[in-house]
Amino acid sequence: MSFLPSYQPIESPTAIFFVVLLIILFAPIIMSKLRIPHIIGMVLAGVIIGPDGLHVLKLDDSFELFGRVGLLYIMFLAGLEMDLESVKKNSRQFIIFGLLTCFVPLILTYLMSMSLLNYSGRASFLLGCIMASNTLIAYPIIGRYGLQRNSSVMLSVGSSMISLFLALVMVAGFSNSFSENSGLQFWLLFVLKFAAFCVGSVLLIPRLTRYFLRRYSDAVMQYIFIMAVMFFSAALSDLIGLEGIFGAFLSGLILNRYIPHVSPLMNRIEFIGNALFIPYFLIGVGMIINLRMLTNGPEVLWIMFLIAFFGTFGKALAAYISSLLFRLPKAEGHMMFGLTSAHAAGAIAMIMVGRKLEVVPGTMLVDDHMLNGVVIMILVTCVISTLMTEMAAKQIVFRDKASMVVSKPTGDDERILLCVKYPDIAPQLLTLASYLLQRKHNRDLVALNVVYDGENSNAEREQGLQLLEKLQRQASSADLRLTTQVRLATNIANGIKHAFREHGCSEIVMGMHVHTEVTQKFWGQFIQSLYNGLNRQIILTRFAQPLTTLRCIQVAVPSRAEYEPGFYRWLERLCRLAHELECRIQFHGRQESLSEIAEYIDNNHSTLRSKYKQMEHWNELPQLCTSMPADHLLVVVTARKGTRSYKNALDRLPDELTKYYSGGRNLMIIFPDQYGAPTKDEVMSFTEAQHHEEKSIYDTILHWLHKKRKNNDE
């Protein structure tokens, strides 16, 4: 390496940041042309510009800070994106794979270092702990392919935390054995601190999060609050003797249900992490690698080869044995091996602990050859992990797409129309629609603002445009496609119905003002004209708190609801909502309806936390309303007159809700689909509405002509 130029590295903070941004920008471009995962490009760029490469940059405090944040970000995102219900149902698999991926490489590396490298028992054990842990350095690849909730990915993430936790505990105890305070007292204190940390986090973080999200809706404040929770948890984890990455992962798990995967907040968290902090961490990993050590003789190469081979072989053995035990496809086995085979920050932290330990005064436990072998091993395992994860992700995606082509198409005509008017309600409606929407259909939402064609129409139209522009920005932040329209109409209900048909929508989502009670006046001509003139699904909503703070969805289902044509549409929408909010859902109805609902959920949404309670008669609805906690959502499935599930008791619904469920509580009312031609009553109602609109237009024209003639006479 003597041919490399010798000069002072860049010291200006502005220039350092500029160089890092250039790497983040061009590494993916160059690596994509070479068909190499761009994560490898980031690490190699760090090797080239680092102190042991061209020495363009120093490994200064900025890389320590941003790199640390990037590592915490990776673990935090892994916790946020896990499906907790799948984790609970497959906890046995998580534990088995976690134990295998920890102890198989540990034992193999220990035996290898004792027999082939002639290390002492203590040094061999430390090296085994290093290879037992792993870093999810290839996890950003998962996000690009949308496989965060794939079973093998969740198994790999959960097992990585188990193996890392066990390795950190073993290293902590191992390090403590060199001091005078080792023994039972140390382990008792450690267990107490760990238990207090976990229990305190589980009890405190959800309460703080619900309190904050209910009172503050500003996007920047919400993001800062989430980051503060993550770093506080990581700092406490460091304080009790574990690495901060454990605390970051735990906080991600706890905040999981409060940050839906399609929310703007989740989009901001992922964007900032993937754009800056995670690349900074990858570049920093490359900067600690010194390729010049490969020229120090065959001994370093031999140590590096043995460490990398046996550690990687142990991870592969654990992954493929687990995939066989769990009867997973081959691609899932590749994914489990790819994600769990990389070593980075954890290995560096543990080897540095070993560098501080003295076997005898003046003789360190970890010599230079072992240190160099571990550092080179980091580069090798990062490359292997990235390539295997990329290959497995492509195989899984191609396989899933092929199975989707073979399977029968659903024929879902899903396209949601949002009727927006009030600025304080419209953002919630868009958030709700994003949770109800099936993203894989790649269909846009339609936001409609209908303005009454009167004297103030110009001012109201301008207000509508401003409101829709605000919604467009919100949709863009959540990566949603939104079509907007401001429509003039002399009859608001007819304007909605005409726009519904023009845009080819499948259902309507509209809001009730939080301070407006559901009275007989609200349940008057406007709503009747709307649901009588349209035989498609209509959802009326009223939320007194942010959706993410809801703890349960209570659904009142009328008898014979399963015979309605739109039964599975509203059921699917509620299942999606409960899935995104990570909350419980409980259905109240007759046994026949509940059986159909339970069968559908078991077949299509088996991970939902669903419960079923018999409600033999609709007269039990007031009792359900009065017993509803404030952080629950009441969903009432109603019916149009003349339909199979209609009953006279539904006529009293507005009065009952006003009497028993007032005070600005969370409410959703659903009018299910009624396919086919409208009934005679619907046709008459729609015809009367059209006649009323035509008469209004005629009267307006006569009034205008009369006024103009009067002005001419004057």
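A residue is called buried here when its relative accessible area is under 20%, exposed when that area is over 50%, and partly exposed in between (1.4 Å probe, protein chains only). The model examined is predicted, so local features need pLDDT of at least 70 and side-chain atom pairs count only at pLDDT 80 or more, while totals for chains, interfaces and linings use all residues. Residues are numbered from 1 along each chain as its sequence is written, and side-chain values use heavy atoms, with hydrogens and water left out.

A salt bridge is taken as a side-chain nitrogen of Lys or Arg within 4 Å of a carboxyl oxygen of Asp or Glu. By this criterion, a search of the whole structure returns 16 salt bridges. Helices (H or I, at least four residues) and strands (E, at least two) are DSSP runs, numbered from the N terminus.

A handy starting point is the pair Glu469 and Arg473, whose closest N and O atoms are 3.6 Å apart in a salt bridge. Both belong to helix 18 (residues 457-477), where a spacing of 4 residues separates them by about one helical turn. Glu469 is partly exposed at 48% relative accessibility, and Arg473 is exposed with a relative accessible area of 52%.

The next pair spans separate elements. Arg569 and Glu507 form a salt bridge with their closest N and O atoms 3.3 Å apart. Because Arg569 sits in helix 21 (residues 567-581) and Glu507 in strand 6 (residues 507-511), this pair ties together parts that are 62 residues apart in sequence. Arg569 and Glu507 are both buried.

Loops can be bridged too, as Asp631 and Arg551 show with a salt bridge of 3.6 Å, N to O. Asp631 lies in the loop between helix 23 (621-626) and strand 11 (632-637), and Arg551 in the loop between strand 7 (537-542) and strand 8 (552-556), so the pair ties together parts that are 80 residues apart in sequence. Asp631 is buried at 12% relative accessibility, whereas Arg551 is partly exposed with a relative accessible area of 40%. Elsewhere, salt bridges that share partners join Glu414, Glu507, Arg536, Arg569, Glu572, Arg573, Arg576 and Asp673 into one network.

Finally, Thr607 offers a look at another loop, the one between helix 22 (591-604) and strand 10 (610-614). Thr607 counts as buried, at 19% relative accessibility. With contact meaning heavy atoms within 4.5 Å, and leaving aside neighbours within four places in sequence, Thr607 is in contact with Asp83, Glu85, Ser86, Lys89 and His579.
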